[in-house]
Amino acid sequence: MIERYLLRYFLAVVDQGNFSRAAIHCNVSQPTLSAGIAKLENALQRQLFSRTNQRVQLTESGTRFLTHARRIEREFNVALGAMADTAQARPVRVGVLSSISGALVARAARAYRAGGGGPVEIAFASERELSAMLARDRLDAALTILRPGAQALAQQVVGEEGYAMVMATDHPLAGRAQVDAEDLRDETMIVRRHCELLSQTSRHFLERGVRPHFSLRTTNDERALQMVGAGMGVTVMPDSYRSADVAHVPLAGFDHRRTLGFVLADEGVADHGLLRALAAAFGERG
């Protein structure tokens, strides 16, 4: 039988990045922690970490074991909470990719609350930040970009969408079926700093000799959308960003798409009301 403290040592090394910080986190000496990891590896008959050049990395066996260790620790904590006389239900924690429309998430939250949904916590973060939060058991699920092989956790596809040039409805090009990069040579643009396709977007225009003036650089996509609607510039945005003040016009040769879905650290929340509301709101976009 594997004792719980060995799992805690193992998870601490993964989360803290090395043995010394993990020992401090667990309030034990480093030799004690190292002995615990050795005992765990002996019990499993597998090496969990490779230790070379002062670096600690998970082995293939360690990566497989991590998924189970997270689940065991999470279930243990749930059991403790359920047995506590004064325990209150912990809110379901859902992360949302920061480049997903806030209006879409608000619509889902409104529907969830109208249906009598219980307490939840929502965290907007970048793709990398969401992955770290899932790995450290700080989220139960995250609505993010699904990339094949990037996550060891269970996934649920919600849908996919493309990108388009977004411009004010009174822009001269707003009625076009599509625009070429060259059509935008004299346009002022807005930079969405958190866009996952920022480098691809820049390359698309630079390769076609388009070097625009930028009126705004922002990490706030809702603000970018508002400024586009105000005529301050044009930008590339996912199709789900909608407003009465803007028009979406396909950009010729820019065929990138993204698949969005839920990454589940806790598969028990797969049918949670907020996740269903988010999936429904994405399906109803536009």
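This is a guided tour of a predicted model, stop by stop, with a note on what to select and what is found there.

**Before selecting anything**

Residues are numbered from 1 along each chain as its sequence is written, and side-chain values use heavy atoms, with hydrogens and water left out. Because the model is predicted, local features need pLDDT of at least 70 and side-chain atom pairs count only at pLDDT 80 or more, while totals for chains, interfaces and linings use all residues.

**The whole chain**

Begin with the protein chain in full, which has 9 helices and 11 strands; helices (H or I, at least four residues) and strands (E, at least two) are DSSP runs, numbered from the N terminus. Its C-alpha atoms fill a box of roughly 70 × 50 × 25 Å along the principal axes. Of the 286 residues, 41% count as buried, where buried means under 20% relative accessible area, exposed over 50% and partly exposed in between, with a 1.4 Å probe and protein chains only. Of the contacts with a separation of 6 or more, 73% are between residues 24 or more positions apart, a contact being heavy atoms within 4.5 Å.

**First selection: α1 and α3**

Select helix α1, residues 4–16, together with helix α3, residues 30–44, which pack at an angle of about 110 degrees with their axes 9 Å apart. Axes are lines fitted to C-alpha atoms, for helices over the stretch in contact, and angles run from 0 to 180 degrees between N-to-C directions. The two helices are therefore roughly perpendicular to each other, on a scale where angles under 35 degrees count as roughly parallel, over 145 as roughly antiparallel, 65 to 115 as roughly perpendicular and the rest as oblique. Show side chains for Tyr 5, Leu 6, Tyr 9, Phe 10 and Val 13 of α1, and for Thr 32, Leu 33, Gly 36, Ile 37, Lys 39 and Leu 40 of α3, since these residues make the contact. By class they divide into 8 nonpolar, 2 polar and 1 charged; Ala, Val, Leu, Ile, Met, Phe, Trp, Tyr, Cys and Pro count as nonpolar, Asp, Glu, Lys and Arg as charged, and the others, Gly among them, as polar.

**Second selection: α2**

Keep α3 and add helix α2, residues 19–26; the axes of α2 and α3 come within 9 Å and cross at roughly 100 degrees, and these helices are therefore also roughly perpendicular to each other. Phe 19, Ser 20, Ala 22, Ala 23 and Cys 26 of α2 meet Gln 30, Leu 33, Ser 34 and Ile 37 of α3 in this contact, which has 6 nonpolar, 3 polar and no charged residues.

Now colour α2 by accessibility: Phe 19, Ala 22, Ala 23 and Cys 26 are buried. Seen down the axis, these buried residues fall within an arc of 100 degrees, so they line one face of the helix; the arc is that of the directions from the helix axis to the C-beta atoms. They pack against α1, α3, β1 (49–52) and β2 (55–58), whereas Ile 24 and His 25, on the other side of α2, are exposed. Just after the helix, Asn 27 takes a positive phi of about 60 degrees.

**Third selection: β6 and its partners**

Move to strand β6, residues 154–168, and add strand β11, residues 257–264, with which β6 pairs in the antiparallel sense over 8 bridges; two strands pair if DSSP finds at least two bridges between them. Within this pairing, Gly 159 stands opposite Leu 260 in β11. Strand β9, residues 235–238, also pairs with β6 in the antiparallel sense, over 4 bridges, and here Ala 164 stands opposite Met 237. A further 4 bridges join β6 to strand β10, residues 246–249, again antiparallel, with Met 167 opposite Ala 247.

**Fourth selection: α7**

With β6 and β9 still displayed, select helix α7, residues 198–206, in which Thr 201, His 204 and Phe 205 are buried. These residues cover an arc of only 90 degrees around the axis, which puts them on the same side of α7, and they pack against β6, β7 (188–192) and β9.

**Last selection: Asp 221**

Finish at Asp 221 in helix α8, residues 221–229, which counts as buried at 2% relative accessibility. Leaving aside its neighbours within four places in sequence, Asp 221 is in contact with Ser 98, Ser 99, Arg 192, Met 237 and Tyr 241.
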